[in-house]
Amino acid sequence: MWDSQVIMMIVKGTGATLYMTLVSTLIAYLLGLPMGIALVVTAPGGLKPNKVLYKVMDVVVNIVRSIPFLILLMLVIPFTRWVVGRSYGATATIVPLSLAAAPFVARLVESSLLEVDHGVIEAAQSMGAGIGTIIWKVLLAEARTSLIVGGTIALGTILGYSAMAGVVGGGGLGDIAIQYGYRRYQADIMIVTVVLLVLLVQVLQWIGTRLSKKLDRRITG
């Protein structure tokens with residue numbers, strides 16, 4: 001029955017999903033952005049090649065990315081409980097979401113930075129720019145449009161992960177879909193949650209696309 005209680009549950013679930021997605025994306029970038037930069041800088045032919053450090057980071061990123069999210073979610077339950085005091089709910093889900101998304105973000109950042117024209121980097125080096133200056137004023141500045149596009153992709157991916165967390169009581173729309181749509185056979189609630197998840201992805205995609213196009217015009221103009 002679609003009474004006010006069910007509607008409020010859907011509204012709160014939507015808010016919880018956005019909360020998990022946005023906070024997890026922010027934390028994932030705080031972890032993944034430096035990692036992606038380090039992968040580019042220490043890679044063979046990078047600004048400061050370091051074979052050992054690059055290999056270690058490369059292996060760690062690949063291993064974490066290869067673990068299915070639901071398995072990772074359960075593996076880090078003790079750590080999640082230590083960080084937030086419990087292993088269920090929207091806030092608790094942010095921990096595994098961030099850990100799962102950080103390596104993915106690192107690869108997105110690495111890919112974006114590798115697209116920067118090497119000639120621009122060489123020009124900065126010839127003018128005596130240090131590594132920090134090249135990273136901040138050349139790599140990140142030149143790749144900002146690609147980085148925003150990557151951020152949009154990350155948001156969509158993390159949103160999908162947050163829905164999967166509903167299997168273990170992660171909160172949000174995914175949890176509602178599992179509890180009511182799957183376990184109680186309420187197909188209407190299942191359909192509504194799926195539609196809302198799709199709409200959220202589309203809205204986030206639209207915002208990211210608009211922002212990247214705006215920055216593109218600034219670069220070319």
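**Figure 1. The whole chain has 10 helices and zero strands.** Helices (H or I, at least four residues) and strands (E, at least two) are DSSP runs, numbered from the N terminus. This is a predicted model, where local features need pLDDT of at least 70, side-chain atom pairs count only at pLDDT 80 or more, and totals for chains, interfaces and linings use all residues. Residues are numbered from 1 along each chain as its sequence is written, and side-chain values use heavy atoms, with hydrogens and water left out. Reading from the N terminus, the elements go α-α-α-α-α-α-α-α-α-α. Along the principal axes, the C-alpha atoms fill a box of roughly 70 × 45 × 25 Å.

**Figure 2. Here helix 1 crosses helix 8.** Helix 1 covers residues 4-42 and helix 8 covers residues 144-164; their axes come within 9 Å and cross at roughly 130 degrees. Axes are lines fitted to C-alpha atoms, for helices over the stretch in contact, and angles run from 0 to 180 degrees between N-to-C directions. The two helices, 1 and 8, are therefore oblique to each other (under 35 degrees counts as roughly parallel, over 145 as roughly antiparallel, 65 to 115 as roughly perpendicular, and the rest as oblique). Helix 1 passes helix 8 in a right-handed crossing, the term for a near helix turned clockwise from the far one by less than a right angle; anticlockwise would be left-handed. On the helix 1 side, look for Thr17, Met20, Thr21, Leu22, Ser24, Thr25, Ala28 and Tyr29, which meet helix 8 residues including Gly150, Gly151, Ala154 and Ile158; contact means heavy atoms within 4.5 Å. Sorted by class, this contact has nine nonpolar, seven polar and no charged residues. Ala, Val, Leu, Ile, Met, Phe, Trp, Tyr, Cys and Pro count as nonpolar, Asp, Glu, Lys and Arg as charged, and the others, Gly among them, as polar.

**Figure 3. The largest pocket has a volume of about 230 Å³.** A pocket is an open set of points on a 1 Å grid over the protein atoms alone, where a 1.4 Å probe fits, with protein on both sides within 12 Å along at least five of seven lines; lining residues have an atom within 4 Å of a point. Grid points are joined across faces, edges and corners, and the volume is the space filled by probe spheres set on the points. Among the lining residues are Tyr29, Leu33, Arg144, Gly151, Leu204 and Leu211. Helix 1, helix 8 and helix 10 (187-220) each chip in at least two residues, with the largest share, six residues, coming from helix 8. The lining splits into eight nonpolar, three polar and one charged.

**Figure 4. The second largest pocket has a volume of about 170 Å³.** Its lining includes Val40, Pro44, Gly46, Leu113, His118 and Leu139. Helix 5 (90-114) and helix 6 (118-126) are the elements that give two or more residues to this lining. By class, the lining has nine nonpolar, three polar and no charged residues.

**Figure 5. Helix 6 packs with helix 7 (residues 131-142).** The angle is about 160 degrees, and the axes are 11 Å apart. Helix 6 and helix 7 are therefore roughly antiparallel to each other, and their crossing is right-handed. Val120, Ile121, Ala124 and Gln125 of helix 6 touch Ile134, Val138, Leu139 and Glu142 of helix 7. That contact holds six nonpolar, one polar and one charged residue.
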